[in-house]
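Work through the exercises below with the sequence and the coordinates open beside you. Each task is followed by a solution that proceeds step by step.

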Amino acid sequence: MRKTIVIGIDGACWEYIKPLLEEDKLPNIKRMMDSGSYGILESVLPPISPVAWSSVITGTNAGKHGIFGWKKPKRNESSEAVDSTMRKVAPFWKYLNEEGLRVGIFNIPLTYPPEDIDGYIVPGFEVPANCKDAVYPQDLSAIVKKKYGDFLNNLPLDLLLSQKAIEMGVESYFQKYCFSEEMRTHLALDLAPECDVILFNYMITDHLNHQVRDFDAITRAYRFVDEMVGTWLKRFPDENYILMSDHGSTRIKGIVNLNQLFFNEGLLQLRKRQIDSLSKDEVNKMLHLILHNRGLRPNILEKVVRRIYLLYLYLISEKHRVNRLRKLRQAAPKEVNCFLYLDKIDYEKTIVHVNTDDGFIFLNKQEMNEKRYNQLVQKLMSIKDPFSGDPLFSFIRKKEAFFKGNQVKLAPELYGHFWESTCFIKTSLNFSAFKLETPYRQTGLYRDFDTCGSHQRDGIYIVFGPDLKKSSGKKGKRYSLLDVTPTVLYLQKVGIPENFDGKIMRDALAPEYVRCNSVEYITSVDYAPRAGKSEIKFDDKQRIIEKLKILGYID
Ligand SMILES: [Zn+2]
């Protein structure tokens, strides 16, 4: 039986790829399209990596696998980062392993901590630095280090957290990222002969789209991935390939602060805070804003000025401190008024609020009748994308309209699809509703890196290989991301578990293959969620949250 090699190009979309194809800049991808077939692969909701890849891994919608975003949705409070132990459905490789087939999973987001597999797992975004369980099997780690160097714990993204990265600039960042992806490719290629199914994801295309202003860098990322695809084809020319993306991409014009918009519409209420209730950290932030407003760059001098002033403030009497703080507040730029309300939503009086950036909306007043609910949806739908003038949301529905399964209870009540707008969503209250620049940009730290891109729902698929359809350049049917996993199992002649939500991509398969192989359905296995295996400690979780923020994935 042939191998099935699934290659993810994270965030790839036809809008980005087409012009490059026309200029003949993606020769390997073009060859696959010409001799195979291709089309649109519609992502899941919300169309973001952790949800989408968990759907590929499990073959199910988020209502079953329980991953709704980068953060666990929690009402009224900030929530923790998710990891693979929170996934509630068996991964697809269990079914392949049961039939004696080996599977290699490389670079797939949210596969850390890796779990037992007959094969290999080299997790993708995000793995804590220097952890012992960075790969499965664990002894692979030493071999990897010896042969390929210490890249597993050195994602280029780590560099972004340091001052050095800021100085480094896009070019150097791009080179380092390519190097890391290339090493991962070589590792996977070397292990692939032992595997029947390989799932590999190139993340560089998505990360650059999010972070980098210059579109040329994104173009180069696609060309780099095409080169890597060429390496796969050269090494394994006669296998079955599925090239796919977990969602599409788009460039954004600005950022919308959703809670602020809800506040403007009277749907969210804030508790006014007394100046003396500010924490030291908040006073520090206010000082930072004042100094920045006066043109002081965030450097050591600025830090020293803030430290000394803070020390002074907390040495003087409380009465004097309150007076000083009042004066500071008057001297502070306008943003401080919002910032003073930070985390101070009055939930009792609030109708809707968000605390993740994926489109999920908490409905605080759930007991509303249908008429009031419809009025609310109408009001939310009337919110305009400030940059295009079109409605910000393409649709808003109750979660049950999109998600099915016993994990639906975890999700906030509403889902509003803003991904077709020209904006990205932020949820905090510390900057004004519409703006082109992120808080990172404001600090002046990030010269070339910024939140410039976001996602759209439509991704891509290209199939190529002896058991796949040859459409001679004609565009194929539209499929769902959920259809990829059953197709992989079918190509390996393994039954489709009954809990799967997708179908086989029948029109993308060679007619002879479909004629000779009937589809079998099997009972899905019970899956005991893994507990206590994660090495992610509190500090690591904080670091992961920091990285997600820098990427513009969350706020
Ligand atoms: Zn993605």
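The exercises go from the whole chain to its sheet, its cores, two helices and one unusual loop.

**Conventions**

The model is a predicted one, in which local features need pLDDT of at least 70 and side-chain atom pairs count only at pLDDT 80 or more, while totals for chains, interfaces and linings use all residues. Residues are numbered from 1 along each chain as its sequence is written.

**Exercise 1. Describe the protein through its secondary structure, burial and contacts.**

Step 1: Helices (H or I, at least four residues) and strands (E, at least two) are DSSP runs numbered from the N terminus, and the protein has 20 helices and 19 strands.

Step 2: A residue is called buried if 20 or more other C-beta atoms lie within 10 Å of its own, exposed if 12 or fewer, and partly exposed in between, with C-beta atoms placed from the backbone. Of the 555 residues, 45% are buried.

Step 3: Two residues are in contact if their C-beta atoms, placed from the backbone, lie within 7 Å. Among the contacts with a separation of 6 or more, 74% join residues 24 or more positions apart.

**Exercise 2. Establish the strand order of the eight-stranded open sheet and examine one of its pairings.**

Step 1: Strands pair if DSSP finds at least two bridges between them. The order in this open sheet is 4-3-5-1-6-16-2-17, and the pairing is mixed.

Step 2: The edges are strand 4 and strand 17 (479–480), each of which pairs on one side only.

Step 3: Strand 1 (residues 4–9) runs parallel to strand 6 (residues 240–244), with five bridges between them, and threonine 4 stands opposite asparagine 240 of strand 6.

**Exercise 3. Locate the largest nonpolar core and explain where it lies relative to the domains.**

Step 1: A nonpolar core is a set of buried Ala, Val, Leu, Ile, Met, Phe, Trp, Tyr and Cys residues joined through C-beta atoms within 7 Å. In soluble globular proteins, nonpolar side chains tend to be buried together.

Step 2: The largest core has 129 residues, and those touching the most other members are Val6, Ile7, Ile198, Leu243, Ile460, Tyr461 and Ile462. Helix 10 (residues 215–235) gives the most to this core, namely seven residues.

Step 3: Because domain 1 (4–252 + 454–550) and domain 2 (254–451) both give residues to this core, it lies between them; the domain bounds come from an automatic or database domain assignment.

Step 4: Isoleucine 198, not counting residues up to four places away in sequence, touches Lys3, Ile5, Val6, Gly104, Ala188 and Ala192. Another core lies apart from the largest one and has five residues, including Leu278, Val283, Met286 and Leu289.

**Exercise 4. Is helix 3 enclosed or hardly covered, and is helix 13 enclosed or hardly covered?**

Step 1: In helix 3 (49–58), ten of the ten residues are buried, so this helix is largely enclosed by the rest of the structure. Its buried residues, among them Trp53, Val56 and Ile57, pack against helix 4 (62–65), helix 9 (204–211) and helix 18 (484–491). Glycine 59 follows helix 3 and has a positive phi, near 70°.

Step 2: Helix 13 (residues 300–313) is hardly covered, since the count of buried residues among its 14 residues is one. From first to last C-alpha helix 13 reaches 20 Å, close to the 20 Å expected at 1.5 Å a residue, where the expected span is 1.5 Å times one less than the number of residues.

**Exercise 5. Find the backbone exceptions in the loop between strand 3 and strand 4, and the contacts that serine 84 makes.**

Step 1: Most residues other than glycine have a negative phi, and most peptide bonds are trans.

Step 2: The loop between strand 3 (103–106) and strand 4 (119–122) holds proline 113, and the peptide bond from tyrosine 112 to proline 113 is cis, with omega near -5°. A cis bond also joins leucine 45 and proline 46, with omega about -20°, and proline 46 lies in the loop between strand 2 (37–42) and helix 3.

Step 3: Asparagine 107 has a positive phi of about 65° and leucine 110 has one of about 60°. Asparagine 107 is buried, with 23 other C-beta atoms within 10 Å, and leucine 110 also counts as buried, with 23 C-beta neighbours inside 10 Å.

Step 4: Serine 84, in the loop between helix 4 and helix 5 (93–98), counts as buried because 26 C-beta neighbours lie inside 10 Å. Leaving aside neighbours within four places in sequence, serine 84 is in contact with Leu110, Thr111, Tyr112, Pro113 and Glu115.
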